[in-house]
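Thanks for coming. I will take one structure today and go through its fold, its core and its aromatic residues.

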Amino acid sequence: MLETFFCKRLTQLRLEKGVSAREMSLALGQSESYIKRIENQQMLPSLTVFFYICEYLEISPKDFFDDNPDSDLESIELYHDLQALPQKEREHVAAIIKDIKELTECSCEKRN
């Protein structure tokens, strides 16, 4: 359970910072796939690297584990699910989301 939380929280904080997993891995002095392997629950960082991660994200270790109700873990789960799909299927999902957004915007404009 803690491992799942850790991986999802790392993804959330990285996305909020607006950096790729590759960019963050390299900034931490690790291999290109280091952060992606953590986010995919293939490994956990050492304590030392965890502190470097917090420093990179500009948060305290306490803030990393802060179970904030405003955290959008559902979006993080969706992100992980999308990453598991082949590129073509991700494109299909993106097209569906775009269509739904357009329909929602149209129905909002009709109400106004």
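I start with F65, at the surface end of the story. F65 has a relative accessible area of 36%, so this phenylalanine is partly exposed. Please keep in mind throughout that this is a predicted model.

F65 has a ring partner. The ring centres of F5 and F65 are 6.4 Å apart and the planes meet at 25°, which is under the 30 degrees used as the limit, so I call the pair stacked. In sequence the two are 60 residues apart: F5 belongs to helix α1, residues 2–17, and F65 to helix α5, residues 61–65.

There is a second pair between these helices, made by F6 and F64. Here the centres are 4.7 Å apart and the planes are at 40°, which makes the pair tilted. F6 sits in α1 and F64 in α5, with their positions 58 residues apart in the chain. F6 and F64 are both buried.

How many aromatic pairs does the structure hold? The count is eight. Ring pairs join F5, F6, F50, F51, F64 and F65 into a cluster. One further ring to look at is Y56: the charged end of K17 sits over that ring, 5.2 Å from its centre.

Now the overall fold. The protein chain has seven helices and zero strands. Read from the N terminus, the order is therefore simply α-α-α-α-α-α-α. The chain has 112 residues, of which 28% count as buried. The exposed surface comes to about 7,800 Å², and carbon and sulfur atoms supply 54% of that. As for contacts between residues at least 6 apart in sequence, 59% of them join residues at least 24 apart.

Next, the core. The largest nonpolar core has 17 residues. Those with the most contacts inside this core are L10, M24, I35, I38, I53, L57 and F64. So F64, which we met in the tilted pair with F6, appears here again. At least two core residues come from each of α1, α2 (21–27), α3 (34–39) and α4 (47–57). Which helix gives the most to this core? That is α4, with six residues.

I53 is a useful residue to centre the view on. Setting aside neighbours within four places in sequence, I53 is in contact with L10, M24, L28, I35, I38 and P45. If you display those side chains together, you have a fair way into the core.

A word on the cysteines. A search of the whole structure finds zero disulfides. C7 has 1% relative accessibility, under the 20% limit, so C7 counts as buried. C54 is also buried, with a relative accessible area of 1%.

Last, two backbone angles. Most residues other than glycine have a negative phi. Q41 is not a glycine, yet its phi is positive, about 60°. Q41 is found in the loop between α3 and α4, and with a relative accessible area of 46% it is partly exposed. E58 is the other case: its phi is near 60°, again a positive value in a residue other than glycine. Where does E58 lie? E58 is in the loop between α4 and α5. Its relative accessibility is 68%, which is over 50%, so E58 counts as exposed.

That is what I have; questions are welcome.

Notes. Residues are numbered from 1 along each chain as its sequence is written. This is a predicted model: local features need pLDDT of at least 70, side-chain atom pairs count only at pLDDT 80 or more; totals for chains, interfaces and linings use all residues. Side-chain values use heavy atoms; hydrogens and water are left out. Rings of Phe, Tyr and Trp (its six-membered ring) pair if their centres lie within 6.5 Å; planes under 30 degrees apart count as stacked, over 60 as edge-to-face and the rest as tilted. Helices (H or I, at least four residues) and strands (E, at least two) are DSSP runs, numbered from the N terminus. Buried means under 20% relative accessible area, exposed over 50%, partly exposed in between (1.4 Å probe, protein chains only). A charge sits over a ring if NZ of Lys or CZ of Arg is within 6 Å of the ring centre and within 35 degrees of the ring normal. A nonpolar core is a set of buried Ala, Val, Leu, Ile, Met, Phe, Trp, Tyr and Cys residues joined through side-chain atoms within 4.5 Å. Contact means heavy atoms within 4.5 Å. A disulfide is a pair of cysteine sulfur atoms within 2.5 Å. Accessible areas come from the Shrake-Rupley method with a 1.4 Å probe; for residues, only the protein chains shown count as cover.
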